[in-house]
Amino acid sequence: MAWTNYHSHTNFSDGKLTAKDYVLAALEQNVFQYGFSDHAPVQFECEWCIDPEKLSIYYDTVDQLKSTFSDKIDILKSLEIDYIPGEITNSDFKNDLDYCVGSVHFGQKLEDGTYWVIDGPSKEFDIGVKELYDDNIQLAVEQYFALNQKMLLEDPPDILGHFDKVKMHNKNRFYFSEDASWYKDAIVATLETAKKQNVIVEINTRGRYKKISDYYPSQWVWREIKERNIPIVLNSDCHHPREITKEFSLVAEELASIGIKELMVFENGGFVPRAFDGDGVILVEP
Ligand SMILES: [Zn+2]
Ligand SMILES: [Zn+2]
């Protein structure tokens, strides 16, 4: 048994340390398949994205590690790609990758010409809610989920990244209740769109282990996922090698306890379901 992780960052984007450091740490943490998914470059100032001029070096670095460590670990080449209609979308990169993670970090343009950052400091989040939605938090949050759904419908990724990350702002200030029916409706509509489009939803542990928020999505959503039989992967969205498998055992046991039986694993160019337990995916000998 061993783990997989398909969402990770190195110092090519906003992660710490080099790509090789993650491979060495992954081996120590009993990971058999590891995907690099640094933030895809954008054509505007973005401090956490890969420098557009360094994208080919990123690709070469991952390819090199893939071949150097091929007898020890399965390395995959990916990007976490933003979705800003007319600006950046999964298709811009996905042909160069083994798979892609599609995540929404930006909303519409603000008065100063920059895009509204959804998962930055609450102060910046507030500016967008005020300028774009006249302080109507429900509308702002619904539009965030609508943008996730638009991405799923128009240019689906392989994996949907942290799709309820907007809730992180509830940690600093109570903006809305996850019990509100409009909020639940937005979550369920996004899940159903993922299901329809055959997109894998990630269970992302970062919000919990960094104490920024909670798991993405929240635990109550896992039951909605189970009911709809939506394919999932377990990802840490690690930005440091020590975070690669953070919370994985705990979450795997919890998922199993609500009746989820499989995690998706990348094999022969696509994702397939594989059984798991609290120690990881149960490997089938070829
Ligand atoms: Zn992200
Ligand atoms: Zn990420």
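This is a short tour of a predicted model, moving from the whole chain to a few elements worth selecting.

**The whole chain**

Start with everything in view. The protein chain holds eight helices and twelve strands. Its C-alpha trace spans about 55 × 45 × 30 Å along the principal axes. How does the radius of gyration fit a compact globule? For 286 residues such a globule would have a value near 19 Å, and the protein chain, with 18 Å, agrees. If you colour by burial, 44% of the 286 residues count as buried. Contacts reach along the sequence too: of those with a separation of 6 or more, 67% are between residues 24 or more positions apart.

**Strand 2**

Next, select residues 31–39, which form strand 2. Is this strand enclosed or open? Seven of its nine residues are buried, so the rest of the structure largely encloses it.

Now add residues 3–5, strand 1, which pairs with strand 2 in the parallel sense over three bridges. To find the pairing on screen, pick W3 and look for V31 opposite it in strand 2. Follow the chain from strand 1 through helix 1 (residues 19–28) to strand 2, and you trace a right-handed β-α-β crossover.

**On to strand 3**

Select residues 74–82 for strand 3, which runs parallel to strand 2 and is joined to it by seven bridges. Which residue of strand 3 partners Q33? The bridge partner is D74. Bring in helix 2, residues 55–68, and you have another element of the tour: strand 2, helix 2 and strand 3 make a right-handed β-α-β unit.

**Helix 1**

Go back to residues 19–28, helix 1, and show the side chains of A19, Y22, V23 and A26, the buried residues of this helix. Turn the view to look down the helix axis: these buried residues fall within an arc of 100 degrees, so they line one face of helix 1. The spacing fits a general rule: an α-helix has 3.6 residues a turn, so residues three or four places apart point the same way.

What covers that buried set? Strand 2, helix 2 and strand 3 are included in the cover, so keep those elements displayed while you look.

For a last stop, step past the end of the helix to N30. This residue follows helix 1 and has a positive phi, near 60 degrees. From N30, V31 in strand 2, the residue opposite W3, is a good place to pick up the sheet again.

Conventions
Residues numbered from 1 in each chain as written. Chains lettered and ligands numbered in written order. Predicted model: local features only at pLDDT ≥ 70, side-chain atom pairs only at ≥ 80, totals over all residues. Buried ≥ 20, exposed ≤ 12 C-beta atoms within 10 Å, placed from the backbone. Helix = DSSP H or I, 4+ residues; strand = E, 2+ residues; numbered from the N terminus. Pairing = 2+ DSSP bridges. Right-handed = clockwise from strand over helix to strand, strands pointing away. Rg over C-alpha atoms; globule rule 2.2 N^0.38 Å. Contact = placed C-beta atoms within 7 Å. Arc of directions from axis to C-beta.
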